Amino acid sequence: MGLELKPSKTKISHTLETHDGNTGFDFLGFNIRQYRVGKHHGAKSSTRVILGFKTLIKPSAENIKIHLRKLGETVESHNSAPQVALIKRLNPIIRGWSNYYSSVVSAETFSDCDHCFFEKLKRWAYRRHPMKNRTWIMRKYWHTKGNDNWVFSTREGENPLEMARHRDTKIVRFVKVKGNRSPYDGDLIYWSSRLGSHPEMPAEKVYLLKKQKGRCTYCGLHFQDGDLLETDHIIPKSKGGKDNRDNKQLLHRHCHDLKTVKDATGTQDKRAIGERSRMR
Ligand SMILES: [Zn+2]
């Protein structure tokens, strides 16, 4: 394509373990490499041949180091500040960092970080009270919550402030995009139902698409790009149905017509037919 690679930003590396340790590569704070695994866990080639490894994306060692250093410096700059101030400063750092890695293989890293940082906080606490014994200190800064006896939190006031922990971040693994899809293919329906948001589609419609997993609830078929979609009130408003998201569904226009007739039959309520709202 006529593009040139910048040598300083280019690295050629094996992705599976090698004798010299030059394995995998870091990109935007993620480490990408392949690990040898048993035959039941490995990836398969397109011809179903077992490859004997799988690809894992994890937080990079370099970024873990930087993050822990930042936490450490924050603690040190709060040597004489109250616990509440320290927690308020730490929480956004911990949550922000964990969120960035919440879609990759991070659980182990998260609990390592918590463990490492616990040691740091212990030193912070001991230093503040050189004349007190360690049990007294631990009881002052760590409290029990549920099954956990080691929650770094305040006890003052009505609602104690807790420090966020890396391992409390839920890990949601990435859902692989279908092979022939591209975000630039203009298929709003596929991308909206997959992502739950789309810049070119109204929020309510995206919400419904995601909830319905991209299918018309009347005929059960997947919506195709270019289909005419309409919002239907599951219980018609004329029968007391509410005008909120829970009472709405997306239908093909022709399915909507069929449903509206069905809703109206028996009651002969003509208003039901005029009740549609067009979104496209
Ligand atoms: Zn339909």
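Student: In the hairpin of strand 1 and strand 2, which residue takes a positive phi?

Tutor: Leu 28 does, with phi near 50 degrees. The model is predicted, and this hairpin has two residues between its strands.

Student: How do strand 1 and strand 2 run, and how many bridges join them?

Tutor: They run antiparallel, and three bridges join strand 1, residues 25–27, to strand 2. For a register, look at which residues face each other across the pair: Asp 26 stands opposite Asn 31 in strand 2.

Student: Over how many bridges do strand 2 and strand 3 pair?

Tutor: Seven, again in the antiparallel sense, with strand 3 covering residues 53–59. Here the register can be read from Ile 32, which stands opposite Ile 57 in strand 3.

Student: Why is strand 2 described as largely enclosed by the rest of the structure?

Tutor: Burial is judged by relative accessible area, with under 20% counting as buried. Five of the seven residues of strand 2, residues 30–36, are buried, so the strand is largely enclosed by the rest of the structure.

Student: Which atoms coordinate the zinc ion?

Tutor: A metal site is read from its donor atoms. The donors are SG of Cys 216, SG of Cys 219, ND1 of His 252 and SG of Cys 255, at 2.0 to 2.3 Å.

Student: What geometry does the site of the zinc ion have?

Tutor: The site is tetrahedral, with angles of 102 to 118 degrees among the four donor atoms. Along the chain, the donors follow the spacing C-x2-C-x32-H-x2-C. Cys 216 lies in the loop between helix 6 (203–211) and strand 6 (229–233), whereas His 252 lies in strand 7 (residues 248–252), so this pair ties together parts that are 36 residues apart in sequence.

Student: Is Cys 216 buried or exposed, and is His 252 buried or exposed?

Tutor: Cys 216 is buried, at a relative accessible area of 1%. His 252 also counts as buried, at 5% relative accessibility.

Student: How many residues does helix 7 have, and what distance does it reach from its first C-alpha to its last?

Tutor: Helix 7, residues 253–264, has 12 residues and reaches 16 Å, close to the 16 Å expected at 1.5 Å a residue.

Student: Which residues of helix 7 are buried, and which are exposed?

Tutor: A helix can be read by side. Cys 255, a zinc donor, is buried in helix 7, along with His 256, Lys 259, Thr 260, Asp 263 and Ala 264. These buried residues cover an arc of only 160 degrees around the axis, which puts them on the same side of helix 7. On the other side, His 254, Leu 258, Val 261 and Lys 262 are exposed.

Key:
Residues numbered from 1 in each chain as written. Predicted model: local features only at pLDDT ≥ 70, side-chain atom pairs only at ≥ 80, totals over all residues. Heavy atoms only, no water. Buried < 20%, exposed > 50% of the residue type's maximum accessible area, 1.4 Å probe, protein only. Helix = DSSP H or I, 4+ residues; strand = E, 2+ residues; numbered from the N terminus. Pairing = 2+ DSSP bridges. Donors = N, O, S within 2.8 Å, 3.2 Å for Na, K, Ca; no water. Tetrahedral: all angles 85-135°; square planar, octahedral: opposite > 155°, others 65-115°. Expected span 1.5 Å × (residues − 1). Arc of directions from axis to C-beta.
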